[in-house]
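Colleague: I have the model open on my screen, and I would love a close look at how its interior is packed. Could you walk me through that one part, with a few residues along the way?

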Amino acid sequence: MSSIHLPGEPQGKHQSRKATASGWIGSALEYYDFFIYATAAALIFPQIFFPKGDPQIAIIASLATYGVGYVARPIGAIVLGHWGDTHGRKHVLIVCMFLMGFSTVAVGLLPTYDQVGLWAPALLVLMRLIQGFAVAGEISGASSMILEHAPFGRRGFFASFTLQGVQAGQILAAAVFLPLAHYMDKDAFNSWGWRIPFLLSFLVIIAGWIIRREVHETPAFTEVDQSGQVPKAPVIQAVTESWRDMLRVMCCSLMNVIPVVATIFGAAYAVQPGYGIGFEKDIYLWIPVMGNILAVIVIPFVGNLSDKVGRRIPIIVGALGAGLLSFGYLYAISIHHVPLAIVMSLLMWGVVYQGYNAVFPSFYPEMFPTRTRVSGMAIAQNIGTAITAMLPALFVAVAPPGAMNIPLIVGSITLAICAIAALAAYTARETYRVQMKDLGSVDAVPVPAQEYERLRAQAMDEGRMTRVPA
């Protein structure tokens with residue numbers, strides 16, 4: 001797409017929009033699959049995949065299968081990161097898509113506990129492990145592909161669509177699952193209706209395959225491959241050469257605490273009888289949907305902003321701002337003020353959190369050189385995210401039902417974690433004006449600000465010209 005030629009930018013055909021569409025639909029598919037599982041694990045799986053004896057044990061076991069997906073993520077990050085850095089971004093994304101898609105379709109075909117006994121939960125856990133394994137490579141692979149196809153000066157904008165796809169996938173999951181659960185006859189839904197969202201994944205696999213096969217391998221990876229610089233063990237090389245940046249990514253990824261507070265602990269605090277707040281469940285189911293809709297709108301603007309002011313400022317402001325807003329959000333729940341809780345959730349998650357969420361798809365891969373980019377980002381990010389999967393249990397342990405000052409306790413922990421993420425971003429190198437071949441180097445010299453603005457304006461002009469249909 002871009003005709004801008006810089007000595008530090010790979011030459012070759014840049015398919016910015018095709019790569020972005022590929023990353024968007026892949027992320028939407030992967031997270032549609034991931035979140036319909038989460039919804040089903042809470043609503044339906046305890047009744048059909050586990051013994052009927054103790055309902056509480058069945059619920060715990062069902063939600064534990066959801067957590068298994070996070071356990072598999074670091075393993076998937078190592079394997080798929082290696083694949084992406086040795087075989088290319090396009091190949092790893094196709095592998096991720098098929099693994100996630102077919103494991104999700106398989107969940108929709110699984111026999112129940114009444115049909116096959118303990119094989120039912122065993123097969124469910126296996127499918128969830130495959131899902132977690134697959135999703136570990138999607139964001140790092142998609143972010144790297146979009147980043148390496150994007151024109152210089154617009155990497156933040158284009159890469160942000162990876163996360164817009166994630167939010168869109170969650171909206172799609174809710175749009176398919178919630179109406180079925182609400183409007184279908186209960187017996188019909190429990191018998192076969194819950195399978196529909198899982199089986200629909202097959203259609204998205206076909207759409208994803210059609211789009212992804214049209215995208216060429218990135219010019220950056222192609223140059224590394226042709227020059228013989230592809231490492232045999234990119235994981236080891238990433239850890240050896242870039243462990244400091246991997247640690248930064250791991251700490252920044254703790255920002256997943258905000259979705260945890262908004263949708264997991266916040267939901268339990270608002271609706272569980274033990275806490276005594278008494279929110280209606282229907283209201284709380286729609287808070288994530290509204291937050292994701294707002295995020296879809298906000299994300300491209302924040303991504304574009306990061307191309308103007310840099311990556312670190314939006315992440316630091318987003319981290320500290322979202323951490324502070326968590327106090328107001330939890331306080332609104334504690335006083336049973338539904339409109340205020342919705343507004344605070346939308347501000348915290350739908351707007352301010354996007355300072356981090358929209359920018360990390362460009363910030364993280366820009367920390368690493370092309371030869372280890374997918375491995376470095378995937379491993380560090382998924383370890384950080386896996387750590388946050390333990391936070392709901394921590395929050396309940398320190399602020400159980402009946403505890404005093406719950407908003408203050410949980411809000412303080414949330415703000416402290418967000419401050420760790422902000423500090424990690426502050427210590428990182430600014431990357432938005434660094435050319436592709438210099439990314440990952442501590443000695444990289446950014447393009448001068450005035451020249452960068454000229455090149456960025458040129459890239460935007462070329463983008464507008466190529467919107468005319470061929």
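Modeller: Gly26 is buried, because its relative accessible area is 0%; keep in mind that the model is a predicted one. You will find Gly26 in helix H1, which covers residues 16-43. Beyond its neighbours within four places in sequence, Gly26 is in contact with Glu138 and Arg212. Its C-alpha also lies 7.8 Å from that of Ala142, although the two residues are 116 apart in sequence.

Let's turn to a helix pair. Helix H4 (residues 89-107) and helix H6 (residues 119-149) have axes that come within 8 Å and cross at roughly 150°. Angles over 145 degrees count as roughly antiparallel, so H4 and H6 fall into that class. The crossing of H4 past H6 is left-handed. In their contact, 15 residues are nonpolar, 6 are polar and 4 are charged.

Now for the nonpolar interior. In soluble globular proteins, nonpolar side chains tend to be buried together. Here the largest nonpolar core has 75 residues, and Phe279, Tyr284 and Ile333 are those with the most contacts inside it. Helix H14 (residues 257-271) gives the largest share of this core, 10 residues. A second core of 24 residues is separate from that one and includes Ile48, Phe49, Leu180 and Ala188.

What does Tyr284 touch, leaving aside its neighbours within four places in sequence? Tyr284 is in contact with Ala262, Gly266, Ala267, Ala270, Val271, Phe279, Tyr329 and Ile333. Two of the residues with the most contacts in the core, Phe279 and Ile333, are therefore partners of Tyr284 as well.

H14 deserves a longer visit. Let's take its packing against helix H16 (residues 312-334): the axes come within 11 Å and cross at roughly 15°. That angle makes H14 roughly parallel to H16, and H14 passes H16 in a right-handed crossing. From H14, the contact uses Ile258, Val261, Ala262, Phe265, Gly266, Tyr269 and Ala270, while H16 brings Ala322, Gly323, Tyr329, Leu330, Ile333 and Ser334. By type, this contact has 10 nonpolar residues, 3 polar ones and no charged ones.

The next partner of H14 is helix H22 (406-427). The axes of H14 and H22 come within 11 Å and cross at roughly 165°, and the two helices are therefore roughly antiparallel. H14 passes H22 in a right-handed crossing. On the H14 side, Val257, Ile258, Val261, Phe265 and Tyr269 meet Ile406, Pro407, Val410, Thr414, Ile417 and Cys418 of H22. This contact holds 10 nonpolar residues, 1 polar residue and no charged residue. If you compare the two lists, Ile258, Val261, Phe265 and Tyr269 of H14 appear in the contact with H16 and again in the contact with H22.

Following the chain on from H16 brings us to His336, in the loop between H16 and H17. His336 has a positive phi of about 55°, although it is not a glycine. With a relative accessible area of 37%, His336 is partly exposed. In H17 itself (residues 338-352) sits Ser345. Is Ser345 buried or exposed? Ser345 counts as buried, because its relative accessibility is 0%. Leaving out neighbours within four places in sequence, Ser345 is in contact with Ile287, Tyr329 and Gly350. Tyr329 is a useful link here: Tyr284 touches Tyr329 too, and Tyr329 takes part in the contact of H14 with H16.

Finally, look at either end of H22. Asn405 lies in the loop between helix H21 (391-398) and H22. Phi of Asn405 is near 55°, a positive value in a residue other than glycine. Asn405 is exposed, with a relative accessible area of 52%. Gly440, in turn, is placed in the loop between H22 and helix H23 (449-465). Gly440 counts as partly exposed, since its relative accessibility is 26%. Setting aside residues up to four places away in sequence, Gly440 touches Glu366, Met367, Phe368, Pro369 and Arg429. Arg373 and Gly440 are 8.6 Å apart in space, C-alpha to C-alpha, with their positions 67 residues apart in sequence.

Note on methods: Residues numbered from 1 in each chain as written. Predicted model: local features only at pLDDT ≥ 70, side-chain atom pairs only at ≥ 80, totals over all residues. Heavy atoms only, no water. Core = buried A, V, L, I, M, F, W, Y, C linked by side-chain atoms within 4.5 Å. Buried < 20%, exposed > 50% of the residue type's maximum accessible area, 1.4 Å probe, protein only. Helix = DSSP H or I, 4+ residues; strand = E, 2+ residues; numbered from the N terminus. Contact = heavy atoms within 4.5 Å. Axes fitted to C-alpha atoms, helices over the stretch in contact; angles between N-to-C directions. Parallel < 35°, antiparallel > 145°, perpendicular 65-115°, else oblique. Left-handed = near helix turned anticlockwise from the far one by under 90°. Nonpolar A, V, L, I, M, F, W, Y, C, P; charged D, E, K, R; others polar.
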